[in-house]
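Me: I am new to this structure and would like to learn how to read it. Could we go through a few features in turn?

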Amino acid sequence: MAQLEQLDGVIAFVEAVSLSSFTAAAEKLGITKSAVGKSVARLEARLGVKLLHRTTRRLTLTPDGEAYYASCRHALEEIGAAESALAATSQALTGRLRIDAPVAWGRQFLLPILTGIAKKHPGLTLSLSLADRIIDPVEEGVDLAIRFGESKDTSNLVMRKLTEQRTCIFASPDYLAVRGHPTTIEDLQHHDGIVGFRRDIPATWRVTAPNGTVERILPRVTHEIGDGAAIVDAAVAGLGVAQMPISIVADHIANGRLVPLLEDATDVNVGIYAVWPASRHLLPRVRHVVEVLVEEGKRGDLGAPGK
């Protein structure tokens, strides 16, 4: 009975915060406003922290309350999704899917796929974050992350390769008209490099060495930009030379806004991977989206030629 009462307190707390009202939470739960208040008070007493600031006009979360609310809401959503999956007689997907992906690639290739999936499954809701920083899916509560290149630390993670594509070094015609075309990898040290960075560390570029092996080099770092789409925009504007996966710049190259450089030395493939916490491995919504992405990769709809 004590455990059931604890769960009641969590549900009352989550509903009160979600609806910003004890009264609204009481109506939804079919209990009295007083019962909601007492449940939350007992929860705070059991945890030994204050979760809410209560006034006659509104409820606001304390810092402890914010962290606890996020965890509880996610847990309740998972319970609801598990029940829906067991009760469902069709292949409908339900629950919230939290996805993280690189900015430029995510906007151009992933978002159209996800919108198509969401339209077919109205019970599926999306939380999509687009960022070029590498996150820990377990630590940040993400169900599925898309990464370019293999991860060094895959503990507690499941990884599946979706496709691969070559990288490309490029610059604008205006930049090249003034600074000239680099003819060797060493020439890049005499050009303005537009380089990504994470945690104040510039990102290296992949190139093919004369012996055919793939190496990483650090070009001359003139401009540091932590957003892949912005790196491309800066190159189009003539700020310098950059490297990105070919899918991100193919349209710019086709339209003459960018010129590929050193193609013999930069024909290097990079893998695109789906990564998710092992604890999410059997969630139908995660499994379905990964399978769709694998099929899209085979068809070349992830920005790479079909395999």
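**Reading salt bridges, helices and surface**

Reply: In this predicted model, the side chains of Arg-220 and Asp-192 form a salt bridge, with 2.8 Å from N to O. The two residues link distant parts of the chain, 28 residues apart: Arg-220 sits in the loop between strand 11 (214-217) and strand 12 (221-224), and Asp-192 in the loop between helix 6 (173-179) and strand 7 (193-195).

Me: Are Arg-220 and Asp-192 buried or exposed, and what is the cut-off for buried?

Reply: Buried means under 20% relative accessible area. Asp-192 is buried, with a relative accessible area of 17%, while Arg-220 is partly exposed at 32%.

Me: How many salt bridges are there?

Reply: Side chains of opposite charge can pair when their charged atoms come close. The count here comes to nine salt bridges. One of them joins the side chains of Glu-44 and Arg-54, at 3.3 Å from N to O. Glu-44 lies in helix 3 (residues 33-47) and Arg-54 in strand 1 (residues 52-54), so this pair ties together parts that are 10 residues apart in sequence. Glu-44 is buried, with a relative accessible area of 9%; Arg-54 counts as partly exposed at 36%.

Me: Which residues form a salt bridge within helix 9?

Reply: The side chains of Glu-295 and Lys-298 meet in one, at 3.5 Å from N to O. Because they are three residues apart in helix 9 (residues 284-299), about one helical turn separates them. Glu-295 is partly exposed, with a relative accessible area of 35%, and Lys-298 counts as partly exposed at 47%. Elsewhere, salt bridges that share partners join Arg-179, Asp-192 and Arg-220 into one network.

Me: Let us turn to helices. Which residues of helix 2 are buried, and where are they around the axis?

Reply: In helix 2 (residues 22-29), the buried residues are Phe-22, Ala-25 and Ala-26. They cover an arc of only 100° around the axis, which puts them on the same side of helix 2. The face turned away from that buried side carries Glu-27 and Lys-28, which are exposed.

Me: What is found at the ends of helix 2?

Reply: At the N-terminal end, Ser-21 caps helix 2, with a side-chain oxygen 3.1 Å from the backbone nitrogen of Thr-23. After helix 2 comes Gly-30, whose phi is positive, near 75°.

Me: What do the buried residues of helix 8 pack against?

Reply: The buried residues of helix 8 (residues 246-254) are Ile-246, Ser-247, Ile-248, Val-249 and His-252. They pack against helix 5, strand 6 (157-171), helix 7 (228-236) and strand 13 (242-245). Just after helix 8, Gly-256 takes a positive phi of about 80°.

Me: Which residues make a nonpolar patch on the surface?

Reply: Leu-111, Leu-128 and Leu-130 make one of about 190 Å². Leu-111 belongs to helix 5 (residues 103-120) and counts as partly exposed, at 33% relative accessibility.

Me: What do the totals say about the protein chain?

Reply: The secondary structure comes to nine helices and 15 strands. Of the 307 residues, 42% count as buried. The chain exposes about 16,300 Å², and carbon and sulfur atoms supply 52% of that area. Among contacts with a separation of 6 or more, residues 24 or more positions apart account for 72%.

Notes:
Residues numbered from 1 in each chain as written. Predicted model: local features only at pLDDT ≥ 70, side-chain atom pairs only at ≥ 80, totals over all residues. Heavy atoms only, no water. Buried < 20%, exposed > 50% of the residue type's maximum accessible area, 1.4 Å probe, protein only. Helix = DSSP H or I, 4+ residues; strand = E, 2+ residues; numbered from the N terminus. Arc of directions from axis to C-beta. Polar contact = N/O pair within 3.5 Å; in protein donor to acceptor, adjacent residues only side chain to side chain. Patch = residues over 30% accessible without salt bridge, like charges linked within 9 Å, V, L, I, M, F, W, Y side chains within 5 Å. Areas by Shrake-Rupley, 256 points an atom, 1.4 Å probe, with all protein chains shown as cover. Salt bridge = Lys/Arg side-chain N within 4 Å of Asp/Glu carboxyl O. Contact = heavy atoms within 4.5 Å.
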